[in-house]
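The following exercises concern two binding sites. Please attempt each task before reading its solution.

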Protein chains: 4
Amino acid sequence: IKPEYLRSFQFESRLMLSTWIVVRIDGCHFHRFCEDNGFQKPNDEQALELMNSCAVSLLEMFKDIIFAYGVSDEYSFVLNKDSLLYQRQSSKIVSALVSLFSSMYVMKWKEFFPEKEFKEPPYFDGRSVCYPSCEILRDYLAWRHYSTCFWLLVKSGTSKTEVQSSLKGTQTREKNELLAQFCIDYNALPIIFRMGSSVFRDKMNQHEMTLLNTVT
Amino acid sequence: IKPEYLRSFQFESRLMLSTWIVVRIDGCHFHRFCEDNGFQKPNDEQALELMNSCAVSLLEMFKDIIFAYGVSDEYSFVLNKDSLLYQRQSSKIVSALVSLFSSMYVMKWKEFFPEKEFKEPPYFDGRSVCYPSCEILRDYLAWRHYSTCFWLLVKSGTSKTEVQSSLKGTQTREKNELLAQFCIDYNALPIIFRMGSSVFRDKMNQHEMTLLNTVT
Amino acid sequence: IKPEYLRSFQFESRLMLSTWIVVRIDGCHFHRFCEDNGFQKPNDEQALELMNSCAVSLLEMFKDIIFAYGVSDEYSFVLNKDSLLYQRQSSKIVSALVSLFSSMYVMKWKEFFPEKEFKEPPYFDGRSVCYPSCEILRDYLAWRHYSTCFWLLVKSGTSKTEVQSSLKGTQTREKNELLAQFCIDYNALPIIFRMGSSVFRDKMNQHEMTLLNTVT
Amino acid sequence: IKPEYLRSFQFESRLMLSTWIVVRIDGCHFHRFCEDNGFQKPNDEQALELMNSCAVSLLEMFKDIIFAYGVSDEYSFVLNKDSLLYQRQSSKIVSALVSLFSSMYVMKWKEFFPEKEFKEPPYFDGRSVCYPSCEILRDYLAWRHYSTCFWLLVKSGTSKTEVQSSLKGTQTREKNELLAQFCIDYNALPIIFRMGSSVFRDKMNQHEMTLLNTVT
Ligand SMILES: Nc1nc2c(ncn2[C@H]2C[C@H](O)[C@@H](COP(=O)(O)OP(=O)(O)OP(=O)(O)O)O2)c(=O)[nH]1
Ligand SMILES: Nc1nc2c(ncn2[C@H]2C[C@H](O)[C@@H](COP(=O)(O)OP(=O)(O)OP(=O)(O)O)O2)c(=O)[nH]1
Ligand SMILES: Nc1nc2c(ncn2[C@H]2C[C@H](O)[C@@H](COP(=O)(O)OP(=O)(O)OP(=O)(O)O)O2)c(=O)[nH]1
Ligand SMILES: Nc1nc2c(ncn2[C@H]2C[C@H](O)[C@@H](COP(=O)(O)OP(=O)(O)OP(=O)(O)O)O2)c(=O)[nH]1
Ligand SMILES: O=P(O)(O)OP(=O)(O)OP(=O)(O)O
Ligand SMILES: O=P(O)(O)OP(=O)(O)OP(=O)(O)O
Ligand SMILES: O=P(O)(O)OP(=O)(O)OP(=O)(O)O
Ligand SMILES: O=P(O)(O)OP(=O)(O)OP(=O)(O)O
Ligand SMILES: [Mg+2]
Ligand SMILES: [Mg+2]
Ligand SMILES: [Mg+2]
Ligand SMILES: [Mg+2]
Ligand SMILES: [Mg+2]
Ligand SMILES: [Mg+2]
Ligand SMILES: [Mg+2]
Ligand SMILES: [Mg+2]
Ligand SMILES: [Mg+2]
Ligand SMILES: [Mg+2]
Ligand SMILES: [Mg+2]
Ligand SMILES: [Mg+2]
C-alpha cells in the first residue's frame, strides 16, 4: 500500500480567498417529510423554530459564520470573507455544517414536537458558493428570500399574481436595508424580512445571537 | 434580482464518469466524543455496532452504494462505477450521505446506549474520491484498514513494532481475497477483515444486507 | 507584498492519476484561415502535412505523448496514463503543448507553403480530457474521426446520406482494430484511418516516429 | 459512438464571475533560450521589445484585455472583470492567448532579430488566476514586478542587498500610483514601473495602445 499515491486521488477544491462563502443546506424530499409529519401550510411555526434553533447552534459552534438566513426547508450560512475554516476546503466545510445541522435537528425534535415521532429520518443536501462582493451577496439573500417565498405561497394555493404583488413591496426596502447595513456593518443586522428568519451575532456581545423570526 | 446570474456562481464539480466514487465520512473530534461518552478502548463494541447499523441504513436508502467499509470513527461508502446519483455532483452526494448518516446516528443512539445521553452532538466530515480501477479501489480499502487500525492500536498502548507485525499477516491475504472477489464479482464479497466491518448486498437477494463485523 | 497570499489564489487542477490524458487542440477561426489562404476543399494536402509535421515535433519533444490523431484543423495528443508531465497540472500541460504547436506551425509554414505569406496569425485553442479506460479512449478517437470527417465532407458539398454510408464501413473495422491493438499494445499501432493521420512511436526504435497520413 | 457520453468527460472550469482574470504566460526554459540566442544580460532590449510587440497584438485582438504587464520572460494579461470571453472557460482563454502570443513571437522574430535564426522553437506556459478585488490585483502586479526583477538582477550578478534597496524605493510609489489610478480609472494607467513594460488602452481612443517600456 502506498498511502501517498492513494491520497493523491483526493482533489481539494479550496474556495477562493477573500470572497464570501455561503453554505446552503436544503431538506431532502421535504415535500414528503412535511406531509408525513403533518406540518401546517405554508409555514409550520414549530418546524421553522426547530430550523432556527439548529441554525443558532451552528453559529455558536462555528465562529466564522457571521450570518444565517432561513426560509422554507433551507438555510444559508454566510462565512466571514476572510475565514480560514478548514483551510477553505469546500467538502469539509459543507459536510461538517450539514452534518451538525442534521444531528441537531434530530436531537432537538422532541423539544419542538414532544408528541411526534418521525417515520423517516430527516436529512439535508448542502453546497457552497462564493460571492466576490457584498452587493452580490445581498442579491443572493434577496433571491433566496423571494424565490422560496414565491413557490411556498404558490404551492399552498395563493395565485401567482397575488404572490408577486405581495412580495414586490418587501423587495426594494429589504434590499436597501441590507445594502445599508450588511455591507457597511454586517455585525449588526436589523433587517426585517417579512418572511424568513435571520440569525446574526450581537454587535456588543459577540457571544449572543439575535434571531429575527418574522413569519407573517 | 437575477436568479440566473446568482446561480451561475455555483460551480458544479461532477465526478468523472466510469470511476468508482468513494465517500468517506469521519467523526469530527471523536477523540473527545469517545472520551466524553466513556467508550471502551481501542474498540467499543456498542459504538461500532451503532456505526454499522447506520451504514446498513445508508445502503438500504441509496441503492447505488455497493459496499461499505468502516473502522474506528470512519466509514467509506463505495458507489457503483456507473452510478448517476445526483448526476455525480460531488457536493450533493457527500452532503446527502453524511447528513443521513448523522441523523441515523442520533436516532439510533438510544438503541445502542439506552443509559447514556450525549453532551455534545456527534457530527462527521465527508469527502469524495474517485478511483479509476478496482485494483486501486482495493488498495484504498486496504489502506484505510491498515492505517486506521495501526493508529488505533498504537494510541491504545500497543507498541508500534507489535502492531506492525500483527497487521502484516492480514495484509496480503486480504489483498488477494479482495482482488479475487471484489474486482470480479463485487456483489458478493466474502472478505474477512480482521478488524473493521464490511457491509455489502446479498448476492441472491439484492435487498438483504450482510454485515461482517469482525472486531478481534 | 505577500507572495504566498497572492500565489494561493492559483487553483491547481491536477488531472486524475492513472487515467489517459488527451490534449485536443483545434484551430481558432480556421474556416476563415483556410479560406484566406486558399486551402483546397475538403482537405488541403499541404495543410494537413504541416499539421502532421508539427505533431511529430511534439512527440519528439514530449516523450510522454504516446499517440496523436489529427483530422481537419484539430489534433489530439494522448499521454501515457502514468505520465507525470508537469505533475499532471492541466493548465501547464495544455498551454505548453498548444504553444509549442503554434510556434512550430508558424516556423514550418514556409516549408509547406513556400509561396504564401499568411495575413492573420494562426492560433489554436486547447483543452484536456481524462479517460479512465482504453476502451473509452478508443471510442473517443473514433468519435473525433467520425464527427470531424462527417462535417468536413458535408461542408464541402457531399450529401449527408452519402457521407453517412461512406463512413459507416470504416467505423466497425477501425474500432475493432483499435481495440485489438491500442489497448493491448499501444506502442505499435498499425491502425489505418481512412481519413485523418496518426502519429505513434516506433515499436522497436522508440526514437522514430511513424506517421500514417491517409487522406482519401 | 456516443458523443454525449464522450463529451461529458470534459470538465469545464469556468472562472468566477465578477472577478479579475489574469492570464500569465512565461517562457519555457528561457534560461536556455536566452543563452542560445545570445540575449544581453539582464535585459535584452530587442527581446523585450519583441515581447511587448506581441502583447500589443494580443490587446488588439482580444478587446477584453484591459491591461498587460511584462517583465523578464513573462507577461500578465488582465481581463475586464465582467468579461465573458469564451464564457470564462479557463482552458479556452489560456490556450487561445498563449497560442496567439507564441505565433506572434515567431512571426515577429525577424523584425527584431533580422540576423538571427533560433535553433529551438520558443514556447510558453500559461495559467489563469482570478482576483476578487482591484486592491489584490494591484498587489499581484507589484509582486510580479518585484520578484521577477529581484531574481533577474541577482542572477545577472548584482548582490541581493543592493537589489533590495534599489527596488525598495520604487515599491511604495508604484503601489500608491497603481492604487490611485488603476482602481479608480483603469482605462488610463500612467503608471511608471522602473523596470517592466505596461500596455494599456488609450483613454480617449480605445483603439490605440500605449506602451510604457521603461527599462532602466
Ligand atoms: N407544510 C409545510 N411544508 C413545508 C414547509 N416548509 C417547507 N415545506 C415543503 C414545501 C415544499 O414542498 C418543500 C420544499 O421544497 P423543495 O424544493 O426543497 O423540495 P423537496 O425538499 O421536496 O425536494 P428536494 O429534495 O429539496 O429536491 O418543503 C412548512 O413549513 N410547512
Ligand atoms: N475509546 C475509543 N476511541 C475510539 C473508538 N473509535 C475511534 N476512537 C477515537 C480514537 C481516535 O482518537 C479518534 C479517531 O481519530 P481521528 O484521527 O478521526 O481524530 P478525531 O476524530 O479526534 O479528529 P478529527 O476531527 O477527525 O480530525 O476516535 C472506540 O471504539 N473507542
Ligand atoms: N478548405 C479547407 N478547409 C479546412 C481544412 N481543414 C479544416 N478546414 C476548415 C473547415 C471548417 O470550416 C474549419 C474547422 O471547423 P471548426 O469547427 O474547427 O471551426 P472554426 O475553426 O472555423 O471555428 P472555431 O474557432 O474552431 O470554433 O476548418 C482543409 O484542409 N481545407
Ligand atoms: N540574458 C537574458 N536572459 C533573460 C532575459 N529575460 C529573461 N531571461 C532569462 C533569465 C532567466 O534565467 C529566465 C527566466 O526565468 P524563469 O524562472 O522563467 O526560468 P526558465 O524560463 O528558464 O524556466 P521555466 O521553463 O519558466 O520554468 O529567462 C533577458 O532579457 N536577457
Ligand atoms: O440545484 P438543485 O439541483 O438543488 O436544484 P433546485 O432544487 O431546483 O434548486 P435550489 O435547490 O437551488 O433551489
Ligand atoms: O484529510 P484530513 O485533513 O482529514 O487529514 P487527516 O485527518 O490527517 O487524514 P484522514 O482524515 O485522511 O485520515
Ligand atoms: O467545446 P467547443 O466550445 O469547442 O465546441 P465545438 O467547437 O462545437 O466542439 P468541439 O470543439 O468539441 O468539436
Ligand atoms: O508555478 P510554477 O510551477 O511555474 O513555479 P515557478 O516557475 O517557480 O513560479 P512562477 O512561474 O509562478 O514564477
Ligand atoms: Mg435543491
Ligand atoms: Mg428540499
Ligand atoms: Mg427547498
Ligand atoms: Mg480527517
Ligand atoms: Mg475523526
Ligand atoms: Mg478517524
Ligand atoms: Mg471547438
Ligand atoms: Mg477550429
Ligand atoms: Mg475543428
Ligand atoms: Mg514557472
Ligand atoms: Mg520561464
Ligand atoms: Mg519567468
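**Exercise 1.** Are Asp26(D) and Asp73(D) buried or exposed? Establish also what they bind and how the site is arranged.

*Solution.*

Step 1. The model is a predicted one. In it, both Asp26(D) and Asp73(D) are buried; the cut-off for this class is under 20% relative accessible area.

Step 2. Together with Gly27(D), which contributes an O atom, these two aspartates, through OD atoms, are the protein donors of the magnesium ion (ligand 19), at 2.1 Å from it.

Step 3. The magnesium ion (ligand 19) has 6 donor atoms, with angles of 82 to 178° among them, and its site is octahedral.

Step 4. Along the chain, the donors of the magnesium ion (ligand 19) show the spacing D-G-x45-D. Asp26(D) belongs to strand 1 (residues 20-27) of chain D, whereas Asp73(D) sits in the loop between strand 2 (65-71) and strand 3 (74-79) of chain D; the pair therefore ties together parts that are 47 residues apart in sequence.

**Exercise 2.** Which residues are around ligand 8? Determine their class and their contacts.

*Solution.*

Step 1. The residues around ligand 8 are Arg7(C) and Lys92(C), with Arg24(D), Arg127(D) and Arg144(D). Because chains C and D both supply residues, the site is shared between chains.

Step 2. The shell of ligand 8 consists of 5 charged residues, with no nonpolar and no polar ones.

Step 3. Oxygen atoms of ligand 8 lie 2.5 Å from a polar side-chain atom of Lys92(C), 2.8 Å from a side-chain N or O atom of Arg24(D), and 3.3 Å from a side-chain N or O atom of Arg7(C).

Step 4. Taken alone, ligand 8 exposes 330 Å², of which the protein buries 53%.

Methods:
Residues numbered from 1 in each chain as written. Chains lettered and ligands numbered in written order. Predicted model: local features only at pLDDT ≥ 70, side-chain atom pairs only at ≥ 80, totals over all residues. Heavy atoms only, no water. Donors = N, O, S within 2.8 Å, 3.2 Å for Na, K, Ca; no water. Tetrahedral: all angles 85-135°; square planar, octahedral: opposite > 155°, others 65-115°. Helix = DSSP H or I, 4+ residues; strand = E, 2+ residues; numbered from the N terminus. Buried < 20%, exposed > 50% of the residue type's maximum accessible area, 1.4 Å probe, protein only. Near = heavy atom within 4 Å. Polar contact = N/O pair within 3.5 Å; in protein donor to acceptor, adjacent residues only side chain to side chain. Areas by Shrake-Rupley, 256 points an atom, 1.4 Å probe, with all protein chains shown as cover. Nonpolar A, V, L, I, M, F, W, Y, C, P; charged D, E, K, R; others polar.
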